[in-house]
Every structure is written in structure tokens, then in C-alpha cells.
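Student: I would like to learn how to read the hollows in a protein model. Can we go through one together?
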Amino acid sequence: RDPERSPMQWDASPNAGFTTGTPWIDVNPNHTTINAAAACADQRSVFHHYRRLIELRHTSPVVVDGDFTMLLADHPHVYAFTRSLGPETLLVLGNWSGDDQPLDGLDAWAGAEVVLANTDDPRSAWPRLRPWEAVVLRRLG
């Protein structure tokens, strides 16, 4: 339980920028590389990924108001669904395993626009998802 109770790692400074005093519990030694300042500076960080997710929610009505359709419901490792509103459809895919996962039955999405991904080149593996990969695709029409 102690990792959750340790001081917030704001930056790489002494005591992770949490306090100038003495914290009640030791700061994790990884605070010099894993901290809020480093995440804000890294465009590939979880922080910026969530910012892009929030931006998508605010700029694309299909995210909030689109019809939801579950895909690959019986797949043990891939979570897949679409949201559709008017001419726009988003396909959301997530691989919740440490192994490559094939994407059977999604051939129609081969040329779709990549809206958001947690990898540099999500199309290089198509039609499969790499370990822990998540991607949002868009089709119009």
C-alpha cells in the first residue's frame, strides 16, 4: 500500500518537488525520471495521450452521442467497438494482452484514418494489434 501513499513526484528535484521539508515516507528513487514534469515534456506520455482523448471527446460529437456497437465480443484479449453518428464512424480497438492479436473481420477498416494511437505506426501491424496497443480509427460516409 505504500507506493500509493508516497509523496507525489512533481519533478526531479530533491524530495521530487513534493516538499522542502522531510516527507513522512521516502520518495521513490525513480522520481528523477518518472515525474509530472517529465510527463508534461514528453509528447508520447500518458498525460498527453489523455489530453488527446479529451480533445477528441470535445471536438467529435460521435464520441458522446454516437450509437455504440460492440465488436469481437467473444475475443479474450481485444476490446473493440464502434461509435456512429451521421456520416462518421469511429472504431476503437484495444489489445489487453502482451501478445499480438489478429483482427479478423475488420478488413473494411484497412484504409481508415488513424485518429489516435498509443504507438508510433499503428498501421504497420494491420490487421493485428501489437501487445498493449490501442488505436482509434475514423471512417466518413
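Student: How do the residues of the lining of the largest cavity divide into nonpolar, polar and charged?

Tutor: Start with the kind of model: this one is predicted. To read a lining, list its residues, then sort them by class. Here the list is Pro122, Arg123, Trp126, Leu129, Glu133, Val135 and Leu137. Sorted, the lining of the largest cavity has five nonpolar, no polar and two charged residues.

Student: What volume does the largest cavity have?

Tutor: About 30 Å³. The structure holds one cavity of 30 Å³ or more.

Student: Now the pockets. Which residues are closest to the centre of the largest pocket?

Tutor: Begin with volume, then look at the lining. The largest pocket has a volume of about 520 Å³. Its lining has 22 residues, and the closest to the centre are Leu53, Phe81, Val92, Leu116 and Val136. Next, ask which elements supply the lining. Helix 3 (46–59) gives two or more residues, and so do strands 2 (78–85), 3 (88–95), 5 (113–117) and 7 (134–140). Strand 3 gives the largest share, five residues. By class, the lining has 15 nonpolar, four polar and three charged residues.

Student: Which element gives the largest share of the lining of the second largest pocket?

Tutor: Helix 3, with five residues. The volume of this second largest pocket is about 210 Å³. Among its lining residues are Arg44, His49, Tyr50, Leu53 and Asp120. The classes here are four nonpolar, four polar and three charged.

Conventions. Residues are numbered from 1 along each chain as its sequence is written. This is a predicted model: local features need pLDDT of at least 70, side-chain atom pairs count only at pLDDT 80 or more; totals for chains, interfaces and linings use all residues. Side-chain values use heavy atoms; hydrogens and water are left out. On a 1 Å grid over the protein atoms alone, a cavity is a set of points where a 1.4 Å probe fits but cannot get out, and a pocket is an open set with protein on both sides within 12 Å along at least five of seven lines; lining residues have an atom within 4 Å of a point. Grid points are joined across faces, edges and corners, and a volume is the space filled by probe spheres set on the points. Ala, Val, Leu, Ile, Met, Phe, Trp, Tyr, Cys and Pro count as nonpolar, Asp, Glu, Lys and Arg as charged, and the others, Gly among them, as polar. Helices (H or I, at least four residues) and strands (E, at least two) are DSSP runs, numbered from the N terminus.
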